[in-house]
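Me: I've just opened a structure I've never looked at before. Could you walk me through it and tell me what backs up each label?

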Amino acid sequence: DLGRIQPWARLARENSPAARPYGVPFLIAQNPRDALVGADVTQGFVRRLCRAGGVVRSVAIDGEGHATSAKDSARATLDWIDARFAGRPARNDCKAG
């Protein structure tokens, strides 16, 4: 369990974003077959961001797994960024209430 072994535990904590409002919208793309970053971990982070009042667009992507996630999410990511530059509001997948 690397979460209990130093320096890995400290490095993992330092590399993990806090679930708090940042004042900007998030796009989070996750491959459900990602063996390195589990979908349950990502969805837990999304839930915490939502509870903190964040604006989050969460998308599931197809592909081989973690190694191809950047390529597999490129179209959705570029479309999302383009919409921000065009002044369109970000879709918020957080449940109301």
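Reply: Sure, and keep in mind that this is a predicted model. Let's start with the open space: the largest pocket holds about 510 Å³. Its lining has 17 residues, and the closest to the centre are Pro 17, Val 37, Val 41, Thr 42 and Phe 45.

Me: What makes those 17 residues count as lining the largest pocket?

Reply: A lining residue needs an atom within 4 Å of a point of the pocket. For the largest pocket, 17 residues make the list. Helix α2 supplies the largest share, four residues, and β1 is also there with at least two.

Me: How do you know which classes make up the lining of the largest pocket?

Reply: Each residue is sorted by its type, with Val and Phe counted as nonpolar and Asp, Glu, Lys and Arg as charged. That gives seven nonpolar, eight polar and two charged residues for the largest pocket.

Me: And what about the second largest pocket, which residues are closest to its centre?

Reply: That pocket has about 200 Å³ of space. Of its 10 lining residues, Arg 47, Cys 50, Asp 93, Cys 94 and Lys 95 are the closest to the centre. Helix α2 gives the most here too, with five residues. By class, the lining has three nonpolar, three polar and four charged residues.

Me: Why are β1 and β2 called a pair?

Reply: Two strands pair if there are at least two bridges between them. Strands β1 (residues 26–30) and β2 (residues 56–60) have five bridges, in the parallel sense, so by that cut-off they count as a pair. Among the bridge partners, Phe 26 goes with Val 56 and Leu 27 with Arg 57. Between the two strands the chain passes through helix α2 (residues 39–51), and this β-α-β crossover is right-handed.

Me: How does the whole chain run, element by element?

Reply: From the N terminus on, the order is α-β-α-β-α-α. That makes four helices and two strands. The C-alpha trace spans about 45 × 30 × 25 Å along its principal axes.

Me: How do you know how the reach of α4 sits against the expected value?

Reply: The expected span is 1.5 Å times one less than the number of residues. Helix α4 (residues 74–85) has 12 residues, for which 16 Å is expected, and its reach from first C-alpha to last is 16 Å, so the two are close. Just after α4 comes Gly 87, with a positive phi of about 85°.

Me: What makes the contact of Arg 10 with Glu 14 a salt bridge?

Reply: The cut-off is 4 Å between a side-chain nitrogen of Lys or Arg and a carboxyl oxygen of Asp or Glu. The closest N and O atoms of Arg 10 and Glu 14 are 3.2 Å apart, so the contact qualifies. It's one of five salt bridges in the structure.

Me: Why are Arg 10 and Glu 14 separated by about one helical turn?

Reply: Because they are four residues apart in helix α1 (residues 8–14). An α-helix has 3.6 residues a turn, so residues three or four places apart point the same way.

Me: Which peptide bond is cis, with omega near 10°?

Reply: The one from Gln 6 to Pro 7. Pro 7 lies in the segment before α1.

How values were computed: Residues numbered from 1 in each chain as written. Predicted model: local features only at pLDDT ≥ 70, side-chain atom pairs only at ≥ 80, totals over all residues. Heavy atoms only, no water. Right-handed = clockwise from strand over helix to strand, strands pointing away. 1 Å grid on protein atoms, 1.4 Å probe; cavity = no way out; pocket = protein on both sides within 12 Å on 5 of 7 lines; lining within 4 Å. Points joined across faces, edges and corners; volume = space filled by probe spheres on them.
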